[in-house]
Each structure stands twice: as structure tokens, then as C-alpha cells.
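Reader: I'm new to this one and would like to learn how to read it. Could you walk me through it, one feature at a time?

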Amino acid sequence: MHIHKLIYSQILIFLSVVTIIGCNSTDNKESTITEKKDSVLVDSSMVVNEETALTDTPKVDSFEIIVVQCANGYEYSMHNYDFNPVVEKELNKFENIKVKPFPLKTLMGVAYQGVFDKKYCPPIIEKVDVDFLILTRFDKGYDVLNGNQMKWGYELRIVNTETLEQVNTISTYDLNDYSEIEIHIQENIEKLKNDIEKLK
């Protein structure tokens with residue numbers, strides 16, 4: 001009988017020890033699981049933030065533009081002077097600007113020659129689907145008699161086709177040669193782009 005009590009108490013002690021050890025190991029497992037969950041939560045929040053950062057990148061507005069034929073360029077073009085292609089080429093270098101070719105067929109019957117003010121733009125705007133018109137002109141008429149001695153200059157205007165707001169942009173005067181106009185356009189094309197973006 002005494003032996004049975006001894007065996008019984010040993011079993012109780014053994015079970016108690018196993019239970020205590022088991023409880024401790026369960027606590028350790030739970031704390032490890034909690035730590036893993038915490039780290040997963042931290043990692044997932046970091047992933048969410050990265051995705052948010054990617055989607056929050058500001059979108060750059062893009063614009064479609066037509067450069068209207070030079071307002072007083074007829075006489076100049078007869079002598080092979082036309083800076084509109086330079087304006088178009090330089091603007092097309094910007095990713096957010098698409099210069100459409102001048103739509104001669106679409107604008108048949110529309111008065112687009114001699115246009116250098118917004119009040120003459122509505123008939124053009126009705127026929128084309130663009131965000132801006134660029135109006136161009138030489139600063140004075142072509143001097144046939146003194147072509148070799150004349151001074152050169154040009155002016156550009158931007159017209160917002162939606163609001164009809166217009167702004168003067170790059171220009172220059174008193175240059176000694178036509179080629180200086182093209183150089184001036186190339187050097188100042190960033191200002192023209194910025195003026196377009198301000199007028200949106």
C-alpha cells in the first residue's frame with residue numbers, strides 16, 4: 001500500500017513537471033508566432049507603402065498642339081524662310097507634348113492665314129481637336145529691296161483652345177541673320193514649354 005502511494009505521488013509529480021514544461025513551451029511558441037505575425041504585419045505595411053508610393057507618382061499632363069501657319073510668312077516662305085518646322089521639331093522633343101501636323105485638308109475654307117490673335121481662332125478651334133494653338137509671325141514684313149541688310153525677329157503666342165486665353169511667349173528682335181531665329185528658338189524652347197504648362 002505504501003508503495004502504491006509512492007508510485008502514485010511520483011506519477012503526479014511527473015505529470016506536473018510535464019505540464020509545467022508543456023505550458024512554458026506553448027508560451028514560447030505563442031510568443032514566437034506573435035513575433036512572426038508582428039514582423040509579417042510590418043512587412044505587409046511596408047509593401048503597401050511601396051505600392052502606394054508607386055501609385056502616388058504624380059502624372060504629367062500631356063498636351064496636343066498645332067502650330068498655325070506663320071501669320072505674315074507668305075513672302076518669307078517664297079524666299080525659303082519658315083521657322084514653324086523648328087518650333088514643331090523642338091516641342092516634339094518633350095514627352096508630354098505632341099505636335100500634330102498642320103491639317104490643311106481639315107481647314108480648307110477656314111481663314112487661318114494671317115492669324116496672330118485669339119479673336120480669329122474660333123473657326124480653327126471648331127475644326128481641330130487640340131489643347132493649344134501656337135501662333136507665329138515675323139516681327140515685320142519681308143523687305144524685298146533690302147533683304148541682305150534687314151534685321152530679323154519673330155514672335156510666338158499660345159492660345160488655350162478651351163478658354164481662349166492667350167499669352168505672348170518667346171520672341172526676339174534685331175538679329176542680323178535668319179539663322180539666329182532658329183538658334184533662339186532652340187535655346188528658349190523650354191520657356192515655351194513652361195508657358196504652355198502654365199496656361200493649361
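Author: Sure, let's start with a basic word: a contact means heavy atoms within 4.5 Å. With that in hand, look at threonine 161, which touches Ile125, Val130, Asp131, Phe132 and Leu133 once neighbours within four places in sequence are left aside. Before we go on, this is a predicted model, where local features need pLDDT of at least 70 and side-chain atom pairs count only at pLDDT 80 or more, while totals for chains, interfaces and linings use all residues. Residues are numbered from 1 along each chain as its sequence is written, and side-chain values use heavy atoms, with hydrogens and water left out.

Reader: Where is threonine 161, and is it buried or exposed?

Author: Buried means under 20% relative accessible area, exposed means over 50%, and partly exposed is in between (1.4 Å probe, protein chains only). Threonine 161 sits in the loop between β4 and β5, and its relative accessible area is 15%, so it is buried. From C-alpha to C-alpha, threonine 161 and leucine 133 are 6.8 Å apart in space, with their positions 28 residues apart in sequence.

Reader: What do labels such as β4 stand for?

Author: They are DSSP runs, numbered from the N terminus: helices are H or I with at least four residues, and strands are E with at least two. This protein has five helices and five strands, and from the N terminus on they run α-β-α-α-β-α-β-β-β-α.

Reader: Which residues does tyrosine 154 touch?

Author: Tyrosine 154 is in strand β4, and at 0% relative accessibility it counts as buried. Leaving out residues up to four places away in sequence, its contacts include Phe83, Phe138, Ile170, Tyr173, His184 and Ile185.

Reader: How do I read two helices that meet, like α3 and α5?

Author: Fit a line to the C-alpha atoms of each helix over the stretch in contact, then take the angle between the N-to-C directions, from 0 to 180 degrees. Here the axes of α3 (residues 84-91) and α5 (residues 179-198) come within 9 Å and cross at roughly 55°. Under 35 degrees counts as roughly parallel, over 145 as roughly antiparallel, 65 to 115 as roughly perpendicular, and the rest as oblique. That's why α3 and α5 are oblique to each other.

Reader: Which residues make the contact of α3 and α5?

Author: On α3 they are Val86, Val87, Glu90 and Leu91, and on α5 they are Glu182, Ile185, Gln186, Ile189, Leu192 and Ile196. Sorted by kind, that contact has seven nonpolar, one polar and two charged residues. (Ala, Val, Leu, Ile, Met, Phe, Trp, Tyr, Cys and Pro count as nonpolar, Asp, Glu, Lys and Arg as charged, and the others, Gly among them, as polar.) Glutamate 182 of α5 is partly exposed, because its relative accessibility is 26%. Its C-alpha atom is 8.4 Å from that of valine 87, 95 residues away along the chain.

Reader: Why would anyone remark on a positive phi?

Author: Because most residues other than glycine have a negative phi. Asparagine 80 is not a glycine, yet it has a positive phi of about 65°. Asparagine 80 is in the loop between α2 (74-78) and α3, and at 71% relative accessibility it counts as exposed. Leucine 164 also has a positive phi, about 60°, without being a glycine. Leucine 164 belongs to the loop between β4 (152-160) and β5 (166-175), and it is partly exposed at 28% relative accessibility.
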